[in-house]
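Biologist: I am new to this structure and would like to go through it step by step. Could we begin once the sequence and the model are on display?

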Amino acid sequence: MYGVKSPLPDADRKVVGEALQGALVDLIDLSLVAKQLHWNVVGPRFRSVHLQLDEVVALARLHADTVAERAAAIGVSPDGRAGTVSRSSGIATAPEGAVTDSATVGALVAALGAVIVRMRERIAATGDPDPVSQDILIGLTADLEKYSWMAQAENTA
Ligand SMILES: [Fe+2]
(Lines give C-alpha, C1' and ligand atoms only; values in the text may rest on other atoms or scores of the structure.)
Protein backbone atom coordinates (compact mmCIF):
# COMPACT_ATOMS: atom_id res chain seq x y z
CA MET A 1 0.00 0.00 0.00
CA TYR A 2 1.43 3.29 -1.04
CA GLY A 3 1.04 6.02 1.57
CA VAL A 4 1.25 9.25 -0.44
CA LYS A 5 -1.96 11.15 -1.07
CA SER A 6 -2.05 12.01 -4.75
CA PRO A 7 -2.90 15.52 -5.95
CA LEU A 8 -4.65 13.83 -8.88
CA PRO A 9 -7.95 11.94 -9.05
CA ASP A 10 -7.53 8.18 -9.56
CA ALA A 11 -8.24 8.10 -13.29
CA ASP A 12 -5.75 10.87 -14.00
CA ARG A 13 -3.18 9.37 -11.68
CA LYS A 14 -3.37 6.11 -13.63
CA VAL A 15 -2.82 7.80 -17.01
CA VAL A 16 0.00 10.01 -15.76
CA GLY A 17 1.57 7.22 -13.72
CA GLU A 18 1.78 5.02 -16.79
CA ALA A 19 3.39 7.84 -18.77
CA LEU A 20 5.96 8.51 -16.06
CA GLN A 21 6.69 4.82 -15.55
CA GLY A 22 7.20 4.38 -19.29
CA ALA A 23 9.48 7.41 -19.36
CA LEU A 24 11.47 6.02 -16.43
CA VAL A 25 12.06 2.69 -18.13
CA ASP A 26 13.08 4.27 -21.42
CA LEU A 27 15.50 6.65 -19.70
CA ILE A 28 17.10 3.90 -17.63
CA ASP A 29 17.56 1.78 -20.74
CA LEU A 30 18.89 4.77 -22.68
CA SER A 31 21.52 5.22 -19.96
CA LEU A 32 22.46 1.53 -20.20
CA VAL A 33 22.62 1.49 -24.01
CA ALA A 34 24.70 4.69 -24.04
CA LYS A 35 27.14 3.21 -21.50
CA GLN A 36 27.45 0.01 -23.53
CA LEU A 37 28.23 2.09 -26.63
CA HIS A 38 30.63 4.29 -24.60
CA TRP A 39 32.67 1.22 -23.68
CA ASN A 40 32.67 -0.44 -27.09
CA VAL A 41 33.13 2.34 -29.63
CA VAL A 42 36.19 2.02 -31.89
CA GLY A 43 37.48 4.14 -34.75
CA PRO A 44 38.96 7.53 -35.59
CA ARG A 45 36.20 9.44 -33.80
CA PHE A 46 36.59 7.36 -30.66
CA ARG A 47 37.29 10.19 -28.28
CA SER A 48 34.50 12.57 -29.24
CA VAL A 49 31.89 9.81 -29.44
CA HIS A 50 33.10 8.17 -26.24
CA LEU A 51 32.82 11.44 -24.34
CA GLN A 52 29.50 12.41 -25.92
CA LEU A 53 27.96 9.11 -24.85
CA ASP A 54 28.76 9.83 -21.23
CA GLU A 55 26.90 13.12 -21.58
CA VAL A 56 23.86 11.13 -22.75
CA VAL A 57 24.27 8.73 -19.81
CA ALA A 58 24.33 11.64 -17.37
CA LEU A 59 21.33 13.26 -19.00
CA ALA A 60 19.32 10.03 -19.00
CA ARG A 61 20.14 9.32 -15.36
CA LEU A 62 19.25 12.84 -14.30
CA HIS A 63 15.89 12.75 -16.03
CA ALA A 64 15.18 9.19 -14.87
CA ASP A 65 15.47 10.42 -11.31
CA THR A 66 13.20 13.38 -12.02
CA VAL A 67 10.41 11.30 -13.59
CA ALA A 68 10.68 8.62 -10.88
CA GLU A 69 10.33 11.23 -8.16
CA ARG A 70 7.45 12.91 -10.00
CA ALA A 71 5.71 9.51 -10.08
CA ALA A 72 6.24 9.17 -6.33
CA ALA A 73 4.91 12.69 -5.82
CA ILE A 74 1.60 11.78 -7.49
CA GLY A 75 1.31 8.58 -5.47
CA VAL A 76 2.62 6.11 -8.05
CA SER A 77 5.45 3.81 -7.03
CA PRO A 78 8.23 4.02 -9.64
CA ASP A 79 9.61 0.69 -10.84
CA GLY A 80 13.19 0.84 -12.08
CA ARG A 81 14.01 -2.82 -11.56
CA ALA A 82 16.16 -4.57 -14.17
CA GLY A 83 13.46 -7.05 -15.11
CA THR A 84 10.90 -4.29 -15.56
CA VAL A 85 13.28 -2.31 -17.75
CA SER A 86 14.08 -5.39 -19.80
CA ARG A 87 10.40 -6.18 -20.33
CA SER A 88 9.10 -2.74 -21.17
CA SER A 89 11.87 -0.63 -22.73
CA GLY A 90 11.16 0.79 -26.18
CA ILE A 91 14.84 0.80 -27.17
CA ALA A 92 16.55 -1.91 -29.22
CA THR A 93 19.40 -3.63 -27.41
CA ALA A 94 22.89 -2.31 -28.15
CA PRO A 95 25.01 -4.31 -30.61
CA GLU A 96 27.32 -6.91 -29.06
CA GLY A 97 31.06 -6.29 -28.96
CA ALA A 98 33.11 -3.52 -30.52
CA VAL A 99 31.19 -1.09 -32.71
CA THR A 100 32.63 1.40 -35.23
CA ASP A 101 32.20 5.07 -34.45
CA SER A 102 29.69 5.62 -37.28
CA ALA A 103 27.64 2.58 -36.28
CA THR A 104 27.80 3.72 -32.67
CA VAL A 105 26.41 7.13 -33.55
CA GLY A 106 23.77 5.38 -35.68
CA ALA A 107 22.75 3.25 -32.71
CA LEU A 108 22.57 6.36 -30.54
CA VAL A 109 20.40 8.14 -33.11
CA ALA A 110 18.08 5.11 -33.24
CA ALA A 111 17.86 4.87 -29.44
CA LEU A 112 17.15 8.57 -29.02
CA GLY A 113 14.61 8.47 -31.85
CA ALA A 114 12.73 5.58 -30.27
CA VAL A 115 12.59 7.32 -26.93
CA ILE A 116 11.57 10.67 -28.42
CA VAL A 117 8.57 9.16 -30.26
CA ARG A 118 7.36 7.60 -27.03
CA MET A 119 8.01 10.74 -25.00
CA ARG A 120 5.96 12.82 -27.43
CA GLU A 121 3.06 10.37 -27.02
CA ARG A 122 3.40 10.79 -23.26
CA ILE A 123 3.44 14.57 -23.61
CA ALA A 124 0.16 14.36 -25.55
CA ALA A 125 -1.35 12.01 -22.96
CA THR A 126 -0.44 14.04 -19.87
CA GLY A 127 -1.33 17.60 -20.89
CA ASP A 128 -4.92 17.47 -19.76
CA PRO A 129 -4.67 15.27 -16.64
CA ASP A 130 -1.44 16.77 -15.29
CA PRO A 131 0.36 19.72 -16.91
CA VAL A 132 2.99 19.57 -14.15
CA SER A 133 4.12 16.11 -15.24
CA GLN A 134 3.72 17.15 -18.86
CA ASP A 135 6.11 20.05 -18.25
CA ILE A 136 8.76 17.62 -16.98
CA LEU A 137 8.29 15.42 -20.04
CA ILE A 138 8.49 18.40 -22.39
CA GLY A 139 11.72 19.61 -20.79
CA LEU A 140 13.47 16.26 -20.95
CA THR A 141 12.28 15.64 -24.51
CA ALA A 142 13.83 18.95 -25.56
CA ASP A 143 17.14 17.71 -24.14
CA LEU A 144 16.81 14.38 -25.95
CA GLU A 145 15.99 16.12 -29.21
CA LYS A 146 19.07 18.33 -28.82
CA TYR A 147 21.27 15.24 -28.51
CA SER A 148 19.44 13.60 -31.39
CA TRP A 149 20.22 16.60 -33.57
CA MET A 150 23.90 16.56 -32.62
CA ALA A 151 24.23 12.83 -33.18
CA GLN A 152 22.54 13.03 -36.58
CA ALA A 153 24.80 15.95 -37.56
CA GLU A 154 27.84 13.84 -36.70
CA ASN A 155 26.84 11.12 -39.13
CA THR A 156 25.99 13.46 -42.00
CA ALA A 157 28.66 13.74 -44.65
FE1 LIG B 1 33.85 5.96 -18.97
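Biologist: In which helix is the place of Asp10?
Modeller: This is a predicted model, in which local features need pLDDT of at least 70 and side-chain atom pairs count only at pLDDT 80 or more, while totals for chains, interfaces and linings use all residues. Residues are numbered from 1 along each chain as its sequence is written, and side-chain values use heavy atoms, with hydrogens and water left out. Helices (H or I, at least four residues) and strands (E, at least two) are DSSP runs numbered from the N terminus. On that basis, the place of Asp10 is in helix H1.

Biologist: Is Asp10 buried or exposed?
Modeller: Residues are classed by relative accessible area: buried is under 20%, exposed is over 50%, and partly exposed lies in between (1.4 Å probe, protein chains only). Asp10 has a relative accessibility of 58% and therefore counts as exposed.

Biologist: What distance separates the C-alpha atoms of Asp10 and Thr156?
Modeller: Along the chain, Asp10 and Thr156 are 146 residues apart. In space, their C-alpha atoms are separated by 47 Å.

Biologist: Which side chain of opposite charge is nearest to Asp29?
Modeller: Asp29 lies in helix H1, which covers residues 10–40. Lys and Arg count as positive and Asp and Glu as negative, with His and the chain ends not counted. Asp29 is buried yet has no salt bridge (a side-chain nitrogen of Lys or Arg within 4 Å of a carboxyl oxygen of Asp or Glu). The nearest side chain of opposite charge is 8.4 Å away and belongs to Arg118.

Biologist: Which residue does Arg118 meet in a salt bridge?
Modeller: The two side chains meet at 2.7 Å, N to O. The pair links distant parts of the chain, 92 residues apart, with Arg118 in helix H4 and the partner in helix H1. Arg118 is partly exposed, at a relative accessible area of 25%, whereas the partner is buried, at 0%. That partner is Asp26.

Biologist: Which residues are linked with Asp26 in a network of salt bridges?
Modeller: Asp26 also forms a salt bridge with Arg122, the closest N and O atoms being 3.0 Å apart. This pair links distant parts of the chain, with Arg122 in H4 and Asp26 in H1, 96 residues apart. Arg122 counts as buried, at 10% relative accessibility. The residues linked with Asp26 in the network are Arg118 and Arg122.

Biologist: How many salt bridges does a search of the whole structure find?
Modeller: One salt bridge joins Asp54 to Lys35, with the closest N and O atoms 2.8 Å apart. It links Asp54 in helix H2 to Lys35 in helix H1, 19 residues apart. Asp54 is partly exposed at 29%, and Lys35 counts as buried at 16%. Over the whole structure, the number of salt bridges found is 8.

Biologist: Are H1 and H4 roughly parallel or roughly antiparallel to each other?
Modeller: Axes are lines fitted to C-alpha atoms, for helices over the stretch in contact (heavy atoms within 4.5 Å), and angles run from 0 to 180 degrees between N-to-C directions. Angles under 35 degrees count as roughly parallel, over 145 as roughly antiparallel, 65 to 115 as roughly perpendicular and the rest as oblique. The axes of H1 and H4 are 10 Å apart, and the packing angle is about 170 degrees. H1 and H4 are therefore roughly antiparallel.

Biologist: How are H2 and H4 oriented, roughly parallel or roughly antiparallel?
Modeller: The axes of H2 (residues 46–73) and H4 (residues 101–126) come within 10 Å and cross at roughly 20 degrees. Residues in H2, including Phe46 and Leu53, meet residues in H4, among them Asp101 and Leu108. H2 and H4 are therefore roughly parallel.

Biologist: At roughly what angle do the axes of H2 and H5 cross?
Modeller: Among the residues that meet here are Val56 and Leu59 in H2 and Ile136 and Leu137 in H5. The axes come within 11 Å. H2 and H5 are therefore roughly antiparallel, and the crossing angle is roughly 170 degrees.

Biologist: Is Leu137 buried or exposed?
Modeller: Leu137 is in helix H5, which spans residues 131–154. Leaving aside neighbours within four places in sequence, its contacts include Leu20, Val67 and Ile123. With a relative accessibility of 0%, Leu137 counts as buried.
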